[in-house]
Amino acid sequence: MKWEGNRESDNVEDRRSGGGGGGLLGGRSIGIGTIVLAVVGGWIFGINPLTILGALSGGAPTAQVQQGPAQRPPADDRMASFVSTVLADTEDVWKVVFTQGGSTYQEPRLVLFRGATATACGQGQAAMGPFYCPADQKVYIDLGFYETLQKKLGAPGDFAQAYVIAHEVGHHVQNQLGITGKMDQMRGRVSKTEYNAMSVRLELQADCFAGLWAHHAQRARAILEQGDVEEAMNAAAKIGDDALQSGRGGAIVPESFTHGSSAQRARWFNNGLQQGNVKACDTFSARNL
């Protein structure tokens, strides 16, 4: 992926040295660890990221995060620079897409942390992977996840890493479009199996949005190099529910899927990559995923 020398985003907050973090104020502490597991566990464990988050947000006050002064990543931090550049690229793409649709894109912030950090969705843990918190509109990532992506999940490459960020930004886009809120409203109105099926469509749409970003970034800045698309498709496949369940040595249970199969994730990323428009990412209207 060609990224060096491109614009870096100003919306990156570095908490890895302990600055800018803070603790939780207000809200209820019951189940906070489970909230975070629900939000981010799906990356590695295939757990529905909205099941507990939505339930608590409807019945308990949202936790507020006490912030210190936000710190910028060091200028010589190559990986932080890469993340900042990818985030900037998603900003450029989604600004244009939203403007063309007659609305304004509100940029998310991306928080770099190490180990654990306070969020408006609960206490974030590095072991649970990257995640997006709709309550504070921030993407959280411990950069150590990229080592997990490469060594444990078998998805190496810088474009695979970019796909991870673009997917989480895709969840921010869903939040902006009101899709996440509509999902939460369905909780309790449908069965667990039906809700899981809706969650699959939500995740596949975020994959498609990641592909949409790559489509427009390639047209505007020619960021792709040979093998990049294969890296992203491989990453999408490695975190499919069937691949994760098989990797844990358990049976593959399609009714329990919350993110989609490997083939579905790769297909919807490619759908966004090839067509490059929001309508092409309407997973909720699709008959066949």
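**Exercise 1. Find which residue stands opposite V139 of β8, then describe how β7 and β8 are joined.**

Step 1. Opposite V139 in β8 stands Y132.

Step 2. Fix the ground rules. This is a predicted model, in which local features need pLDDT of at least 70, side-chain atom pairs count only at pLDDT 80 or more, and totals for chains, interfaces and linings use all residues. Residues are numbered from 1 along each chain as its sequence is written, and side-chain values use heavy atoms, with hydrogens and water left out.

Step 3. Place the strands. Strands are DSSP runs of E with at least two residues, helices are runs of H or I with at least four, and both are numbered from the N terminus. Strand β7 covers residues 131–133, and β8 covers residues 138–141.

Step 4. Count the bridges. β7 and β8 run antiparallel, joined by 3 bridges. Two strands pair if DSSP finds at least two bridges between them.

Step 5. Look at the turn. The two strands make a hairpin with 4 residues between them. Q137 lies in that turn and has a positive phi of about 55°.

**Exercise 2. Build the sheet around β8 and give its strand order.**

Step 1. Take strand β4, residues 109–112. β4 runs parallel to β8, with 4 bridges between them. V111 has Y140 as its bridge partner, and R109 has K138.

Step 2. Write the order. The open sheet has 4 strands, β1-β4-β8-β7, with mixed pairing.

Step 3. Find the edges. β1 (12–14) and β7 each have a single partner strand, so one side of each is left without a neighbour in the sheet.

Step 4. Add the twist. On average, neighbouring strands are turned by 25° against each other, direction ignored.

Step 5. Check the faces of β8. K138 and Y140 on one side are buried, and so are V139 and I141 on the other. Buried means under 20% relative accessible area, exposed over 50% and partly exposed in between, with a 1.4 Å probe and protein chains only.

**Exercise 3. Describe how α4 and α6 cross, and where α6 lies on the strands.**

Step 1. Take the axes of α4 (residues 78–100) and α6 (residues 158–177). They come within 10 Å and cross at roughly 40°. Axes are lines fitted to C-alpha atoms, for helices over the stretch in contact, and angles run from 0 to 180 degrees between N-to-C directions.

Step 2. Classify the angle. α4 and α6 are therefore oblique to each other. Under 35 degrees counts as roughly parallel, over 145 as roughly antiparallel, 65 to 115 as roughly perpendicular, and the rest as oblique.

Step 3. List contacts, meaning heavy atoms within 4.5 Å. α4 contributes residues including F82, W94 and F98, and α6 residues including I165, V169 and L177.

Step 4. Place α6. This helix lies across β4, β7 and β8, at about 25° to β7.

**Exercise 4. State how many aromatic pairs the structure holds, and classify two of them.**

Step 1. A search of the whole structure gives 7 aromatic pairs. Rings of Phe, Tyr and Trp (its six-membered ring) pair if their centres lie within 6.5 Å; planes under 30 degrees apart are stacked, over 60 edge-to-face, the rest tilted.

Step 2. Take F98 and Y105. Their ring centres are 5.1 Å apart and their planes at 55°, so the pair is tilted. F98 is buried at 7% relative accessibility, and Y105 is buried at 7%.

Step 3. Take F145 and Y146. Their centres are 6.4 Å apart with planes at 55°, so this pair is tilted.

Step 4. Find the cluster. Ring pairs link W94, F98, Y105 and F209.
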